[in-house]
Amino acid sequence: DQQLRLLDANGQLVAEFEAVSQLLSGTSWEVTGYNNGRQAVVSVMSGSKITVSFGADGRITGAAGCNRYFASYKQNGGELTIGPPGATRMFCADPAGLMEQEQSFLAALQSANSFQLAGDRLTLRTEKGAIAISLSR
């Protein structure tokens with residue numbers, strides 16, 4: 001039943017573990033770092049927030065710092081395919097560099113082709129295994 005129970009020599013329950021789903025559908029995350037396209041993973045700028053929600057309908061939606069974005073996705077085991085993202089077209093001048101961060105994040109999102117899910121952490125990786133995006137619940 002997706003549970004592991006550890007018993008002592010007397011048959012008393014010592015620990016109990018439950019399997020965690022590896023499905024992304026129906027989960028929401030906050031980005032903690034993203035690949036800036038110059039071979040570095042950088043933190044999200046202070047004063048901004050980037051989110052990712054994986055819908056049951058095969059769509060990713062979220063906030064990219066200034067604009068809302070959307071894209072299609074497919075999960076096959078640990079593999080992930082993300083379609084070209086679309087976004088609203090607002091301009092945000094504050095904080096400085098926010099629009100550049102948004103563009104780098106959207107490029108990193110599309111570069112992801114696999115993922116690792118461990119507890120409250122999700123890591124999206126590129127085809128070559130580099131970190132594309134780091135996220136937490």
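Where is the place of Glu102? Glu102 sits in helix H1, which covers residues 98-111. The model described here is predicted.

## Glu102, a buried charge

Glu102 is buried, yet it has no salt bridge. Its nearest side chain of opposite charge is Arg68, and that one is 9.9 Å away. The cut-off for a salt bridge is 4 Å between a side-chain nitrogen of Lys or Arg and a carboxyl oxygen of Asp or Glu.

What does Glu102 touch, not counting residues up to four places away in sequence? The contacts are Ala64, Gly65, Cys66 and Asn67.

## The nonpolar core

Helix H1 also matters for the next topic. The largest nonpolar core has 27 residues. Phe105, Leu122, Leu124 and Ile133 have the most contacts inside this core. Many elements feed it: strands S3 (27-35), S5 (51-54), S7 (68-76), S8, S10 (114-118), S11 (121-125) and S12 (131-136), together with H1, each supply at least two residues. H1 gives the most, with four residues.

Take Phe105 as a closer look. Leaving aside residues up to four places away in sequence, Phe105 touches Val31, Tyr34, Ile50, Val52, Ala64, Tyr69 and Ile133. Ile133 is itself one of the residues with the most contacts inside the core. Ala64 is also touched by Glu102.

## Two salt bridges

How many salt bridges does the structure hold? There are two. Side chains of opposite charge can pair when their charged atoms come close.

One joins Glu16 and Arg5, whose closest N and O atoms are 3.0 Å apart. This pair links distant parts of the chain, with Glu16 in strand S2 and Arg5 in strand S1, eleven residues apart. Glu16 is partly exposed, at 39% relative accessibility. Arg5 counts as exposed because its relative accessible area is 52%, and the cut-off for exposed is over 50%.

The other joins Lys49 and Glu30, at 3.9 Å from N to O. Lys49 lies in the loop between strand S4 (41-43) and S5, while Glu30 lies in strand S3, so the pair ties together parts that are 19 residues apart in sequence. Both partners are partly exposed: Lys49 has 46% relative accessibility, and Glu30 has 35%.

## A nonpolar patch on the surface

Which residues form a nonpolar patch on the surface? They are Leu4, Leu6, Val14 and Phe17. Together they have about 380 Å² of accessible area. Strand S1 (3-7) and strand S2 (13-18) are the elements that give two or more residues to the patch. S1 and S2 also hold the partners of the salt bridge between Arg5 and Glu16.

Leu6 belongs to strand S1. Leu6 is partly exposed, with a relative accessible area of 40%.

## Thr81 on strand S8

Is Thr81 buried or exposed? Thr81 counts as exposed because its relative accessibility is 53%, and exposed means over 50%. Thr81 is found in strand S8, residues 79-82. S8 is also among the elements that supply at least two residues of the largest nonpolar core.

Thr81 touches Ser72, Tyr73 and Lys74, not counting residues up to four places away in sequence. Gln110 is 29 residues from Thr81 along the chain, and the C-alpha atoms of the two are separated by 8.0 Å.

Definitions and conventions
Residues numbered from 1 in each chain as written. Predicted model: local features only at pLDDT ≥ 70, side-chain atom pairs only at ≥ 80, totals over all residues. Heavy atoms only, no water. Buried < 20%, exposed > 50% of the residue type's maximum accessible area, 1.4 Å probe, protein only. Contact = heavy atoms within 4.5 Å. Patch = residues over 30% accessible without salt bridge, like charges linked within 9 Å, V, L, I, M, F, W, Y side chains within 5 Å. Areas by Shrake-Rupley, 256 points an atom, 1.4 Å probe, with all protein chains shown as cover. Lys, Arg positive; Asp, Glu negative; His and termini not counted. Core = buried A, V, L, I, M, F, W, Y, C linked by side-chain atoms within 4.5 Å.
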